[in-house]
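Here is a set of short exercises to work through with a structure on screen. Try each task yourself, then read the solution.

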Amino acid sequence: MTAEQIEAQITQIKQDCQAQGLRFTALREQVYRLILLAAQPIGAYELLDLLQSASEKVVAPPTVYRSLEFLLRHGLVHQLNSSKAFFACSQPTDRHVAAFLVCRCCGEVQEFSHPSIQTMLTEVEQSTNFATQSSIIELSGVCERCQ
């Protein structure tokens, strides 16, 4: 993302949060910005180190985890099960179900969203009478650039 795209994204998220009565605090914004700037999914302690290096105050891990929890809960970021790393959602203002394509070579993650994924999950729930609370679909392989 370019600097202009990141600023536009953050402005949009601030407006959406305000409209929903949610607090998009300065720390939440900093964490979100760092995730948007990251070339690859980033871990919580990497985020903590970056925040700490940019601040004169001590940044405690629980404050970072609370910010990440907020960003996850509101669909602004995703967390990979395989690495526990975080990355920005490609469609943060649109509720959707996605699969994550994780390249084993370069570490890039692509978010793939398609109505058929939601259809499949709905069919599984209906046929098994199972109430899904969360789902993360990760596909590990080699991206087009690394092939």
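What follows is a handful of tasks, each with a worked solution.

Before you start, note that this is a predicted model, in which local features need pLDDT of at least 70, side-chain atom pairs count only at pLDDT 80 or more, and totals for chains, interfaces and linings use all residues. Residues are numbered from 1 along each chain as its sequence is written, and side-chain values use heavy atoms, with hydrogens and water left out.

**Exercise 1: the overall layout**

Find out how many helices and strands the protein chain has, and in what order they run.

Step 1. Helices (H or I, at least four residues) and strands (E, at least two) are DSSP runs, numbered from the N terminus. The chain holds 5 helices and 5 strands.

Step 2. Read from the N terminus, the order is α-α-α-α-β-β-β-β-α-β.

Step 3. For the extent, the C-alpha trace spans about 55 × 40 × 30 Å along its principal axes.

Step 4. Buried means under 20% relative accessible area, exposed over 50%, and partly exposed in between (1.4 Å probe, protein chains only). Of the 147 residues, 33% count as buried.

**Exercise 2: the largest nonpolar core**

Work out which helices supply at least two residues each to the largest nonpolar core.

Step 1. A nonpolar core is a set of buried Ala, Val, Leu, Ile, Met, Phe, Trp, Tyr and Cys residues joined through side-chain atoms within 4.5 Å. In soluble globular proteins, nonpolar side chains tend to be buried together.

Step 2. The largest core here has 23 residues, and those with the most contacts inside it are Phe24, Tyr32, Ile35, Leu47, Leu68 and Leu71.

Step 3. Helices H1 (3–19), H2 (26–37), H3 (44–53) and H4 (61–73) each give it at least two residues. The largest share, 5 residues, comes from H2.

Step 4. Now zoom in on Phe24. Contact means heavy atoms within 4.5 Å. Not counting residues up to four places away in sequence, Phe24 touches Ile10, Ile13, Lys14, Cys17, Glu29, Tyr32, Phe70, Leu71 and Leu76.

Step 5. Apart from the largest core lies another one, of 6 residues, including Phe87, Ala98, Phe100 and Val102.

**Exercise 3: two crossing helices**

Decide how H2 and H4 are oriented: parallel or perpendicular?

Step 1. Two packed helices are described by the angle between their axes and the distance between the axes. Axes are lines fitted to C-alpha atoms, for helices over the stretch in contact, and angles run from 0 to 180 degrees between N-to-C directions.

Step 2. The axes of H2 and H4 come within 9 Å and cross at roughly 75°.

Step 3. Angles under 35 degrees count as roughly parallel, over 145 as roughly antiparallel, 65 to 115 as roughly perpendicular and the rest as oblique. H2 and H4 are therefore roughly perpendicular to each other.

Step 4. Look at who makes the contact: Leu27, Arg28, Val31, Tyr32 and Ile35 from H2, with Thr63, Ser67, Leu68, Phe70 and Leu71 from H4.

**Exercise 4: hunting for disulfides**

Search the whole structure and say how many disulfides it has.

Step 1. A disulfide is a covalent bond between the sulfur atoms of two cysteines. The test used here is a pair of cysteine sulfur atoms within 2.5 Å.

Step 2. The search finds 0 disulfides.

Step 3. Check Cys106: the nearest cysteine sulfur is that of Cys103, 3.7 Å away, and Cys106 is in no disulfide.

Step 4. Check Cys143 too: its nearest cysteine sulfur, that of Cys146, is 3.6 Å away, and again there is no disulfide. Cys143 is buried, with a relative accessible area of 11%.

**Exercise 5: two residues with positive phi**

Compare where Lys84 and Asn129 sit, and how accessible they are.

Step 1. Lys84 is not a glycine, but has a positive phi of about 65°. You'll find Lys84 in the loop between strands E1 (77–79) and E2 (86–88), where it is partly exposed at 46% relative accessible area.

Step 2. Asn129 has a positive phi as well, near 55°. Asn129 lies in the loop between helix H5 (115–128) and strand E5 (137–141), and is exposed at 74%.

**Exercise 6: a residue in E5**

List what Glu138 touches.

Step 1. Glu138 lies in strand E5 and is partly exposed, at 23% relative accessibility.

Step 2. Leaving out residues up to four places away in sequence, Glu138 touches Leu80, Asn81, Ser82, Phe100 and Val102.

Step 3. Glu138 and Phe100 are 38 residues apart along the chain, while their C-alpha atoms are separated by 4.7 Å.
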